[in-house]
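Ready to practise reading a protein model? Work through the exercises below, and try each task before you look at its solution.

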Amino acid sequence: MPLLIAYASLSGNTRDLARQVRARCEARGHAVTWLEAGLHTPAEIGDPRHDLYLLGSWTDNAGRTPAEMKRFIGDLVAAVGRPANVAVFGTGETQWGEEYYCGAVRRIARFFDSPFPTLEIEQMPHGQRDALAIRRWTDQVLDTIGTDTHADPARHLA
Ligand SMILES: Cc1cc2nc3c(=O)[nH]c(=O)nc-3n(C[C@H](O)[C@H](O)[C@H](O)COP(=O)(O)O)c2cc1C
């Protein structure tokens, strides 16, 4: 089964982050199902069950989860229950205060009782430091499911 990357992005920061996470997953040989909350629903992606769910979100007012992400999560839980393998990433702005910074990322991780650390990036990912943080986080998450049995075998043959 492939991995699912589903994200919500208003102005592109989280989409850019999701693209970098996707690139790392694919570089390690994993097939990725790609879904933008608000544009696509789990019903549109065929079998909604995946080995790993990587959920990304921007944060709305006072640390809240944006409406399109809430809807997506509701649809996902209706389709597959509350999966155990959920890793959460996202972007926010520290000017909202530490209490609210990337609040949606933290709320989603709590909701799914995620066993992974969250990946929180300030606004648009940029520079070596963010690139390294994204690569390390993605590797840490992927290491827990292994690369050999779950990776897309076709990519290893290519
Ligand atoms: C109405 C509004 C409220 C926001 N509230 C928060 C907040 O409480 N905490 C936070 O970290 N960022 C907050 N932000 C900042 C965005 O989450 C941040 O700019 C994010 O990178 C946007 O991601 P996107 O480009 O993927 O939409 C808010 C932005 C908007 C427009």
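How far apart do the end C-alpha atoms of residues 3-142 lie, and what percentage of the span is helix and what percentage strand?

**Solution.** Start with the ground rules. This is a predicted model, in which local features need pLDDT of at least 70 and side-chain atom pairs count only at pLDDT 80 or more, while totals for chains, interfaces and linings use all residues. Residues are numbered from 1 along each chain as its sequence is written. Now find the two ends of the span: their C-alpha atoms lie 10 Å apart. The span is 39% helix and 20% strand; here helices (H or I, at least four residues) and strands (E, at least two) are DSSP runs, numbered from the N terminus. The UniProt record, an unreviewed entry, annotates residues 3-142 as "domain: Flavodoxin-like". Positions from UniProt are given in the numbering used here, feature names are shortened, and annotations may be inferred rather than shown by experiment.

**Exercise 2. Work out the order of the strands in the sheet, and say which strands are at the edges.**

**Solution.** Step one: follow the pairing, where two strands pair if DSSP finds at least two bridges between them. You get an open sheet of 5 strands in the order β2-β1-β3-β4-β5, and the pairing is parallel. Step two: look for strands that pair on one side only, and you land on β2 (32-36) and β5 (119-122). Step three: check the twist, which averages 15° from one strand to the next.

Now zoom in on some pairs. β1 (residues 3-8) and β2 are joined in the parallel sense by 5 bridges, and Tyr 7 sits opposite Glu 36 in β2. Helix α1 (residues 13-27) packs on this sheet, touching β1, β2, β3 (53-58), β4 (86-92) and β5. A contact here takes C-beta atoms, placed from the backbone, within 7 Å of each other. The direction of α1 makes about 170° with that of β1; axes are lines fitted to C-alpha atoms, for helices over the stretch in contact, and angles run from 0 to 180 degrees between N-to-C directions. Between β3 and β4, which run parallel, there are 6 bridges, and Leu 54 has Ala 87 in β4 as its bridge partner.

**Exercise 3. Decide whether Ala 8 is buried or exposed.**

**Solution.** First, place the residue: Ala 8 lies in strand β1. Next, recall the cut-offs: a residue is buried if 20 or more other C-beta atoms lie within 10 Å of its own, exposed if 12 or fewer, and partly exposed in between, with C-beta atoms placed from the backbone. Ala 8 has 29 C-beta neighbours inside 10 Å, so it counts as buried. Leaving out residues up to four places away in sequence, Ala 8 touches several others, including Thr 14, Ala 37, Ser 57 and Met 69.

**Exercise 4. Find how many residues of β4 are buried, and which way they point.**

**Solution.** Count along the strand: 7 of the 7 residues in β4 are buried. Then sort them by direction. Val 86, Val 88, Gly 90 and Gly 92 point one way, while Ala 87, Phe 89 and Thr 91 point the other way.

**Exercise 5. Explain what is unusual about phi at Ala 62 and Asp 113, and say whether each is buried or exposed.**

**Solution.** Begin with the background: most residues other than glycine have a negative phi. Ala 62 isn't a glycine, yet its phi is positive, about 55°. Ala 62 is in the loop between β3 and α2, and with 10 other C-beta atoms within 10 Å it is exposed. Asp 113 also has a positive phi, near 50°. Asp 113 is in the loop between α3 and β5, and its 9 C-beta neighbours inside 10 Å make it exposed.

**Exercise 6. Work out where Leu 142 is and how far it is from Leu 52.**

**Solution.** Locate the residue first: Leu 142 is in helix α4 (residues 127-143). Its 22 C-beta neighbours inside 10 Å make Leu 142 buried. Finally, compare sequence with space: Leu 142 and Leu 52 are 90 residues apart in sequence, and 8.6 Å apart from C-alpha to C-alpha.

Methods:
Two residues are in contact if their C-beta atoms, placed from the backbone, lie within 7 Å.
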